[in-house]
Amino acid sequence: MSDLTEEILRIAFNKAELAREHGNHPFAAVLVDHDDNILMSAENTVITDKDVTAHAELNLIRTATASLSEQIMSTSTLYASAEPCPMCASAMVWGNIRHLVFGLSMEKFYDIVGDAGEAPTLKLKSHNIFEHAPWPVQIKGPLLENEAMLPHQNFW
């Protein structure tokens, strides 16, 4: 793992902490272009927007597809503080994002969450969605999992 990959993941982790401070679930996403320049970032706003679909990845993809070309989307990488849920993984396919780097694995997330009532319950891994995409999606993760868990501690 490169220093730049670690740096961008840590940006996502810090944004996840901000989401928590803003009263939302601690998740965030960062989009970088093919030269690893940060294009935009987003945090989860499910609680404050009162929208169950306002996951960080979906918030980012909505903004990105409204302003970036399909070519830029297809060569960009989405960095997620945690492994995307099935909804967000599907949005990545629809948004033509073909590269994913994530911190916290779904397994570790559910270890942290336990039986918390607020936690999502659909335990379908993102690679199960990406297997059915019309193009290959490159996945790197989980990475820096101990750091990725920090925004979730004592939240759920």
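This report describes the sheet, the helices packed on it and two buried residues in a predicted model.

**The sheet**

Five strands make up an open sheet of mixed pairing, ordered E2-E1-E3-E4-E5. The edge positions belong to strand E2 (38-43) and strand E5 (138-140); each has a single partner strand, so one side of each is left without a neighbour in the sheet. On average, and with direction ignored, neighbouring strands are turned by 15° against each other.

Strand E3 (residues 77-82) is mostly covered, with six of its six residues buried. In the strand order, E3 stands between E1 and E4. Its pairings with these two strands are set out below.

| Strand paired with E3 | Sense | Bridges | Residues standing opposite |
|---|---|---|---|
| E1 (residues 28-32) | antiparallel | four | Val-32 and Thr-77 |
| E4 (residues 99-104) | parallel | four | Tyr-79 and Val-101 |

In the second of these pairings, Tyr-79 of E3 faces Val-101 of E4. Between E3 and E4 the chain passes through helix H5 (residues 86-94), and this β-α-β crossover is right-handed.

**Helices H3 and H5**

Helix H3 (residues 56-67) lies across three strands, E1, E2 and E3, and runs at about 140° to E2. H3 also packs against H5: the angle between them is about 20° and their axes are 9 Å apart. Because angles under 35 degrees count as roughly parallel, H3 is roughly parallel to H5. The crossing in which H3 passes H5 is left-handed.

Which residues meet where these helices pack? From H3 come Glu-57, Leu-58 and Ile-61, and from H5 come Met-87, Cys-88, Ala-91 and Met-92. The buried residues in H5 are Pro-86, Cys-88, Ala-89, Ala-91, Met-92 and Val-93. Cys-88, Ala-91 and Met-92 thus appear both in the meeting with H3 and among the buried residues of H5. The cover over the buried residues of H5 includes H3, E3, E4 and helix H7 (126-130). After H5 comes Asn-96, which has a positive phi, near 70°.

**Thr-5**

Thr-5 has its place in helix H1 (residues 3-21). Its relative accessibility is 12%, so Thr-5 counts as buried, the cut-off being under 20%. With residues up to four places away in sequence not counted, Thr-5 touches Tyr-79, Val-101 and Leu-143. Two of these contacts, Tyr-79 and Val-101, are the residues that stand opposite each other in the pairing of E3 with E4. The contacts of Thr-5 in H1 therefore include one residue from each of these two paired strands.

**Ser-105**

Ser-105 is placed in the loop between E4 and helix H6 (106-113). Is Ser-105 buried or exposed? At 5% relative accessibility, Ser-105 counts as buried. Apart from neighbours within four places in sequence, Ser-105 is in contact with Glu-83, Pro-142 and Glu-145. Ser-105 and Ser-81 are 24 residues apart along the chain, and their C-alpha atoms are separated by 9.3 Å.

Terms used: Residues numbered from 1 in each chain as written. Predicted model: local features only at pLDDT ≥ 70, side-chain atom pairs only at ≥ 80, totals over all residues. Heavy atoms only, no water. Buried < 20%, exposed > 50% of the residue type's maximum accessible area, 1.4 Å probe, protein only. Pairing = 2+ DSSP bridges. Right-handed = clockwise from strand over helix to strand, strands pointing away. Axes fitted to C-alpha atoms, helices over the stretch in contact; angles between N-to-C directions. Contact = heavy atoms within 4.5 Å. Parallel < 35°, antiparallel > 145°, perpendicular 65-115°, else oblique. Left-handed = near helix turned anticlockwise from the far one by under 90°.
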